[in-house]
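Biologist: I'm new to this structure, so please take me on a close look at its aromatic rings. After that, I'd like to know what the strands are doing.

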Amino acid sequence: MHLAQLNIGRLVAPEGDPRVADFYAALDEINALAEASPGFVWRMVDGESNNATTLRPYETDPDMLVNMSVWESRDALFDYVYRSAHMDYVRRRREFFVPLREVFTVLWWVPEGTTPDLHDAMKRLEYLRENGPTPYAFTFRQSFEPEAPESVL
């Protein structure tokens with residue numbers, strides 16, 4: 001099993017605004033860092049660029065961005081997010097993103113070779129918001145191990 005993650009964030013300003021210029025300028029570098037990180041499997045891109053900045057999780061919210069990726073393990077994702085140069089941008093998130101009052105990151109296990117889709121990921125985020133962490137949708141703080149596949153008789 002591999003670990004999928006989705007996170008969303010509402011920008012403080014639209015692309016082109018100086019308040020988010022550093023965020024957009026760092027995208028290629030941070031995405032390359034992810035791809036070079038041990039345990040990286042896949043990340044969502046929009047087909048127009050090397051990132052996902054044109055994809056919107058909510059049609060009615062043009063300032064909400066989305067990021068989704070798959071990793072070999074929880075530890076691999078954790079190391080990338082919190083123990084690499086990516087952390088510099090995590091520390092600056094309030095410069096670029098409006099603080100959200102609800103959960104904005106969800107984790108879940110997928111079979112190896114599976115590419116999650118945005119619709120399913122958003123369902124898992126909503127489930128997490130409504131039900132709290134479960135094996136279906138969880139967080140770094142309250143994570144679950146992948147369930148063992150049923151044995152074949």
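**The aromatic rings and the strands**

Modeller: Let's begin with Tyr136, which is partly exposed because its relative accessibility is 30% (buried is under 20%, exposed over 50%, partly exposed in between; 1.4 Å probe, protein chains only). Tyr127 falls in the partly exposed class too, at 31%. We will come back to these two shortly.

First, a word on what you are looking at. This is a predicted model, where local features need pLDDT of at least 70 and side-chain atom pairs 80 or more, while totals for chains, interfaces and linings use all residues. Residues are numbered from 1 along each chain as its sequence is written, and side-chain values use heavy atoms, without hydrogens or water. The average pLDDT of the protein is 93, and 96% of its residues reach at least 70 (pLDDT is the predictor's confidence in each residue, from 0 to 100). Ranked by mean pLDDT, the elements run from α3, the lowest at 90, to strand β2 (residues 40-43), the highest at 98 (helices, H or I, have at least four residues and strands, E, at least two, as DSSP runs numbered from the N terminus).

Now to the rings: 11 aromatic pairs are found in the structure (centres of Phe, Tyr or six-membered Trp rings within 6.5 Å; planes under 30 degrees apart are stacked, over 60 edge-to-face, the rest tilted). Tyr82 and Phe140 make one of them, an edge-to-face pair with 5.7 Å between the centres and 70 degrees between the planes. Tyr82 belongs to helix α2 and Phe140 to the segment after α5 (118-131), so this pair ties together parts that are 58 residues apart in sequence. Its two partners fall in separate accessibility classes: Tyr82 is partly exposed, with a relative accessible area of 37%, whereas Phe140 is buried, at 15%. The two tyrosines from the start, Tyr127 and Tyr136, also form an edge-to-face pair, 4.9 Å centre to centre with 75 degrees between the planes. Elsewhere, Phe23, Tyr24, Phe96 and Phe97 make up one aromatic cluster.

From the rings, let's move to the strands. A good place to start is Ala4, a residue of strand β1. With 0% relative accessibility, Ala4 counts as buried. The strand around it is mostly covered as well, since 8 of the 10 residues of β1 are buried. Along the chain, Ala4 and Val41 are 37 residues apart, and their C-alpha atoms are separated by 9.5 Å.

What does β1 pair with? It runs antiparallel to β3, with 8 bridges joining the two (strands pair if DSSP finds at least two bridges). Two contacts show this register: Ala4 has Val70 as its bridge partner in β3, and Gln5 has Ser69 there. β1 also pairs with β5 in the antiparallel sense, over 6 bridges, and here Gln5 stands opposite Leu107. A further antiparallel partner of β1 is β4, over 2 bridges, where Arg10 faces Val98.

β3 has another neighbour too. It is joined to β2 by 3 bridges, and these strands run antiparallel. Trp42 stands opposite Val70 of β3, the residue that is also the bridge partner of Ala4. Of the 8 residues in β3, 7 are buried, so the strand is largely enclosed by the rest of the structure.
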